[in-house]
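User: Hey, I've got a new model open and don't know my way around yet. Please walk me through it.

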Amino acid sequence: MSNNSKPLILGISGASGLIYAVHAIKYLLAADYEIELVASKSTYMVWASEQETRMPAEPTAQEQFWREQAGVAVGGKLRCHPWGDVGAGIASGSFRTLGMIIMPCSMSTVAKIAGGLSSDLLERAADVQIKEGRKLVIVPRETPFSLIHLRNLTTLAETGVRVVPAIPAWYHNPQSIEDLVDFVVARALDQLDIDCIPIQRWQGSK
């Protein structure tokens with residue numbers, strides 16, 4: 001039995017920093033969550049560029065791929081969807097979820113969601129979360145932000161989307177890149193009241 005009766009949608013767009021998605025998958029599956037995953041078309045190209053390996057497109061093979069990357073062979077539930085399958089369950093408002101996180105989130109994806117466009121399954125699923133008044137969290141990975149980027153992010157924030165930039169902290173005394181990544185992933189999951197990552201949280205002045 002999974003940790004929750006409703007799944008979490010994880011969208012992965014073609015921004016640099018796919019390690020954030022890998023760590024999210026790792027901790028969510030280890031905590032027995034159910035994940036509905038959709039990676040955008042450009043994610044395949046970014047993965048090949050950053051990791052020098054091919055990400056399979058076929059859903060069953062892709063599920064195995066993500067489990068191998070995350071190091072979680074069993075546990076939780078993971079269902080992968082083709083980016084062009086706009087008829088998938090997560091494209092419908094009647095499909096109940098815990099919410100959706102897009103991590104990392106490219107500025108192209110931000111712009112399309114802010115403009116109400118749904119050219120693929122990732123964008124459609126995000127649009128559904130907004131129209132249904134459900135939780136949508138985006139983790140933009142870009143620097144610096146242009147005025148256009150900021151305006152698009154503001155548009156999303158005004159609709160209730162939670163914006164969690166991929167900006168780590170240092171008060172938890174990170175010892176590795178993984179510690180910095182885990183902090184960002186944990187803060188993103190916090191927006192959905194999911195606490196499954198063992199990070200040192202701020203304790204205040206002693």
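Analyst: One term before we start: the helices and strands here are DSSP runs, with at least four residues for a helix (H or I) and at least two for a strand (E), numbered from the N terminus. Also, keep in mind that this is a predicted model.

User: Got it. Let's start with strand 1: how many of its residues are buried?

Analyst: Strand 1 covers residues 8-12, and 5 of the 5 are buried, so the rest of the structure largely encloses it.

User: And which way do they point from the strand?

Analyst: Leu8, Leu10 and Ile12 go one way, while Ile9 and Gly11 go the other. That fits a general pattern: side chains in a regular strand alternate between the two faces of the sheet.

User: In what sense does strand 1 pair with strand 2?

Analyst: The parallel sense, over 5 bridges, with strand 2 being residues 34-39. Gly11, for one, sits opposite Val38 of strand 2. To get from strand 1 to strand 2, the chain passes through helix 1 (residues 19-30), and that β-α-β crossover is right-handed.

User: What about strand 1 and strand 4, over how many bridges do they pair?

Analyst: That pairing has 4 bridges and is parallel, with strand 4 spanning residues 99-105. Leu8 has Gly99 as its bridge partner there.

User: Switching topic: which peptide bond leading into Pro104 or out of Met103 should I look at, cis or trans?

Analyst: The one from Met103 to Pro104, and it's cis, with omega near -5 degrees. Pro104 belongs to strand 4. There's also a cis bond from Thr143 to Pro144, where omega is near -10 degrees.

User: Where is Pro144, then?

Analyst: In the loop that runs between strand 5 (136-140) and helix 6 (147-158).

User: I was looking at Asp32 too. What is its phi?

Analyst: Near 70 degrees, a positive value in a residue other than glycine. Asp32 is in the loop between helix 1 and strand 2. Its relative accessible area is 27%, which means it counts as partly exposed.

User: How far apart are Asp32 and Gly76 in space?

Analyst: 3.7 Å, C-alpha to C-alpha, although 44 residues separate them in sequence.

User: And Asp193, buried or exposed?

Analyst: Asp193 has 65% relative accessibility, so it counts as exposed. Asp193 isn't a glycine either, and has a positive phi of about 60 degrees. Look for it in the segment after helix 7 (177-190).

User: Last topic, pockets. How much space lies in the largest pocket?

Analyst: About 170 Å³. It has 13 lining residues, and Ser40, Ser42, Lys112, Asp120 and Glu123 are the closest to its centre.

User: Which helix gives the most to that lining?

Analyst: Helix 4, with 3 residues. Helix 2 (41-51), helix 4 (107-114) and helix 5 (121-131) each supply at least two.

User: How does the lining of the largest pocket divide into nonpolar, polar and charged?

Analyst: You get 2 nonpolar residues, 7 polar ones and 4 charged ones.

Conventions:
Residues are numbered from 1 along each chain as its sequence is written. This is a predicted model: local features need pLDDT of at least 70, side-chain atom pairs count only at pLDDT 80 or more; totals for chains, interfaces and linings use all residues. Side-chain values use heavy atoms; hydrogens and water are left out. On a 1 Å grid over the protein atoms alone, a cavity is a set of points where a 1.4 Å probe fits but cannot get out, and a pocket is an open set with protein on both sides within 12 Å along at least five of seven lines; lining residues have an atom within 4 Å of a point. Grid points are joined across faces, edges and corners, and a volume is the space filled by probe spheres set on the points. Ala, Val, Leu, Ile, Met, Phe, Trp, Tyr, Cys and Pro count as nonpolar, Asp, Glu, Lys and Arg as charged, and the others, Gly among them, as polar. Buried means under 20% relative accessible area, exposed over 50%, partly exposed in between (1.4 Å probe, protein chains only). Two strands pair if DSSP finds at least two bridges between them. A crossover is right-handed if, with the strands pointing away from the viewer, the path from the first strand over the helix to the second runs clockwise.
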